[in-house]
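Student: Could you take me through one part of this model up close? I'd like to hear about the salt bridges and what sits around them.

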Amino acid sequence: MKSRRTTLIMCFLVPIIISASYFIFRHFAPLGSSSVLTVDMGQQYVDFFAHYHDTLLHDPSGILYSFAKGLGGDMFGTWSYYLMSPLNLIILLFPVEKLPSVIAIITILKYGLSGLSFGYFIIKEKAMTNWPVIGFATTYALMGWMVANQLNTLWIDAAILLPIIFLGFLRILKGGSIKLYIISLTAMLIINYYMGWMIAIFLTAYMLIFGFAKAFPKSNQTSRRRILQWLKGSIISGGLSAWILIPTFISLLSSKTQYSKNEFRIRFEYNPLQILGKFVNGAFDFKQLPNGTANVFVASLVVILFCYYFFGSQAKRNFKIANLALTTFFILSMCFQPLDLFWHGMQLPVWYPYRFSFIFSFWMIYTAFNALMDIIKNGIHWKGYAVSMVVVMLAMTYLGVFMKQFEYLNQSNYLWGWVYLILSAGIITFLGLYHENLILALAIFFLMTGEMSLNFINSFNNISYLNNSDYTNFASIVRKTVGNIKETDRSFYRTGTTFSRTKNDALTGNFNGGSIFSSTLESDTSNFMGDIGQPNGDAYVFYSNGTLFTDSLLSMKYFLNQRPIQTTNPGKVKLTQFLNALTTKPDLGNYQLTSQNKLISTYKNPYALPIGFVTPSKGLKNSRVPNNPIAYQNKLARQLSPNIGNLFQIANYSDIKYHNVYPIMKLNNSVIRKKKMMAQSYFTIKVPIKKHTSYYMTLGPDISDKQLTILVDGQNLVQFRPSKKMVVANIANATDHDRTVNVEFMTTADNVWLQDVNIYQFNQAKFSKMTHSLKKQPFSIKKWNNHTLNGTINVKANNQSLTTTIPYSKGWHVTVDNHTVRPRQWAKMFLYIPISKGHHQVKFTYWPVGLFPGILITGMTCIWIGTDYYLKKRKKYD
């Protein structure tokens, strides 16, 4: 095969054909009922893609900020980490309901583009266009890292760009143009700064190690000039991408860096020999996602040739030493914690370990191709080849002897590993005898492609995926319901749900919500939600446990509640499969049913406050947070309405009855102990419910739903678990008459701690009076989008504040009657501004912190490039 174009087309098409064929076999949408959605792709990314679609087509302000992100939060960092791949533009061609199909198409294209970029790199670097180029490109496109991280499609662009960046890098070292390096590295930093950081480490390590090994030109002056060119190109790339890097870095300071693991320990994370297991076909399963070893599978031919490079190739000794040093650095990085920490930006990853290992696989494939070229040009060094085979076979023997230590390996895949190893050794042997030969070239292509295809199949068969309808049905019904609400109410409000698919439903449903799962979640939001009794974690919040007070405070004007539907069998009722119950919410009895369809009932909250309202300034300055969510909600109510007193009070209960458990003195912090281990065990209490009163129960974070089941009048109390802090559960509500409910605590364990379990009643009369008062002086929004709220307010007294439930950030800028006012923070979460008596025009505008300095640096870099180009052009003609 002599045509460069044909070779490149094949490098692109072969990975596409392999991946597409498997997708068809697995019935992935659009050609079946399954989907590529699994783990984070199904629980997180697909919702971000829905936001991407809605933002670019309907509201571009969502690039900067979104009220669908956990009450509201910066989105610039989210876009720079998750959504900047150019291939995502394909999403705009289809409705949100088709996202699983679109993601499958994008994923297949990324496999093809990875093969294309590596093929282009080899052709440009080695001037070779035969069948082995396609085989090596296919190996790169389907390497173990790609298979393990297919669901992390946001990282795959790094694999596409790495060969191009390295090609530009090598051009600089050879005294060539700097343009390709700048363009490709800038693109990487803009598309995904996180993976760009890892590639930058690789290039720096290469420069240092090969520099010390004197693998650069012998002239010190020439070496310095090329190193300076590399530094210049890197600085220019950083400058051109500063517009996104600087605000993203600042965003991370208030989010991921606040809670990520960055424990520095001098230790090996596992025995380095365990890495060998990942070179066996199909060495991947679900357990490898959270905490396995690095996924570095490549074709057996690559492994043999990689070893041969050191033992048999005619490469210069200093190059071999440098290569070995860089390889050692990679291997140590994949098992020595300080280096692992460094590659991941000084923050150990949560799931998907050793995310940089694609660079090591690239390095192995590139080195192996150099060894192949050496054999073709210079013949084989039989002694070196024999040593290489001994090393590889010893490694395989080690895996066979200790296979039980590698739970992801099985006998079948291990035997296939031997088959491909022997076939690869045979081809290399014939190559050493006959050198360039069309049949051998084809054999290399088919052998590598076949092995990578088998690994692709075996690995993905170990992973389960969501049905296509799990997402499409959910997106369709929720977006339609939300759209109906928006047609009748165009004001600003938030919407809650009693069901969920993921924590990011607000992004898919295109509504302002209170939940989010994102690495860029602001730590203040997570802390606040935990403080008021909502499930929270390092990267997520779930507004699933709202009380009447928090629903009102946070402008939760509408609630969507799943409806039971009748099956064809009389007397049987079930919930739709894609509307999974999130929480029990008797409080909906206080809200107005406005509409319903076969699946969802929509309720309107008459107590919902506007996003801004007038309160006395004095109460907002107290920021101490009690360690009890009920106490904190009482405190927040007093801050807004100083004379209101406590809205929540301890409720009475009586008539405790025990079944196979020892009696307890009280609910709070008691331990339920069984009498007989195997017998059913529970106790019940009666709670008198007063009319026009809501009742809540607090539950400590260590209470497991696997050990303790709570039933109210025989119905399971549905609550999301786990949480970092105490949560509040709505257990009962009475609208028009007194009654009594039975609460049953059923345990499956021998000893269960009723951690922080208390029952509270809520004074709705006080609450109604408070909300009525606060609504008298609202911030009336006339025009709004995700980064601007413009409206008016009429303040009737002095020493007042415009108090909002807009999450505080230095990115918010406020003007009152066109005069700038500095926002302040209350409740360690929201912003407010002091405001004088009278009628005022108020405007809130959000700009990501660091955006303007970043744009300025990028602009100055463009001027520098233009000036440099002009001076060089002028010098050329002078």
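Tutor: Lys174 and Glu125 form a salt bridge, with their closest N and O atoms 2.8 Å apart. Keep in mind that this is a predicted model. Lys174 sits in the loop between H7 and helix H8 (179-191), while Glu125 belongs to helix H4, so the bridge ties together parts 49 residues apart in sequence. The two ends differ in cover: Lys174 counts as exposed because its relative accessibility is 53%, whereas Glu125, at 17%, counts as buried.

Stay with H4 and you'll find another bridge, where the side chains of Lys110 and Asp157 meet at 2.7 Å, N to O. Here Lys110 is in helix H4 (residues 99-126) and Asp157 in helix H7, 47 residues apart, so once again distant parts of the chain are linked. This time both partners, Lys110 and Asp157, are buried.

H7 also has an aromatic link. Trp155 pairs with Tyr194 in a tilted arrangement, 6.4 Å centre to centre with 40° between the planes. Since Trp155 lies in helix H7 (residues 153-173) and Tyr194 in helix H9, that pair ties together parts 39 residues apart in sequence. Both rings are tucked away: Trp155 is buried with a relative accessible area of 1%, and Tyr194 counts as buried at 10%. The pair is one of 88 aromatic pairs in the count.

Follow H9 (residues 193-212) a little further and you reach Trp197. At 37% relative accessibility, Trp197 counts as partly exposed. Together with Phe264, Ile266, Phe342 and Met346, Trp197 makes a nonpolar surface patch of about 510 Å².

For a bridge out in the open, look at Glu407 and Lys287, whose side chains meet at 3.8 Å, N to O. Glu407 is in the loop between helix H18 (382-401) and helix H19 (411-434), and Lys287 is in the loop between helix H12 (256-259) and helix H13 (288-291), so this pair ties together parts 120 residues apart in sequence. Glu407 and Lys287 are both exposed. Elsewhere, shared partners join Lys232, Asp868 and Lys872 into one salt-bridge network. The full count comes to 13 salt bridges.

Lysines turn up over rings too. Lys278 lies over the face of Tyr408, 5.2 Å from the ring centre, and the charged end of Lys585 sits over the ring of Phe559, 4.6 Å from its centre.

Key: Residues are numbered from 1 along each chain as its sequence is written. This is a predicted model: local features need pLDDT of at least 70, side-chain atom pairs count only at pLDDT 80 or more; totals for chains, interfaces and linings use all residues. Side-chain values use heavy atoms; hydrogens and water are left out. Patches are made of residues with over 30% relative accessible area and no salt bridge: like charges are joined within 9 Å, nonpolar side chains (Val, Leu, Ile, Met, Phe, Trp, Tyr) within 5 Å. Accessible areas come from the Shrake-Rupley method with a 1.4 Å probe; for residues, only the protein chains shown count as cover. A salt bridge is a side-chain nitrogen of Lys or Arg within 4 Å of a carboxyl oxygen of Asp or Glu. Helices (H or I, at least four residues) and strands (E, at least two) are DSSP runs, numbered from the N terminus. Buried means under 20% relative accessible area, exposed over 50%, partly exposed in between (1.4 Å probe, protein chains only). Rings of Phe, Tyr and Trp (its six-membered ring) pair if their centres lie within 6.5 Å; planes under 30 degrees apart count as stacked, over 60 as edge-to-face and the rest as tilted. A charge sits over a ring if NZ of Lys or CZ of Arg is within 6 Å of the ring centre and within 35 degrees of the ring normal.
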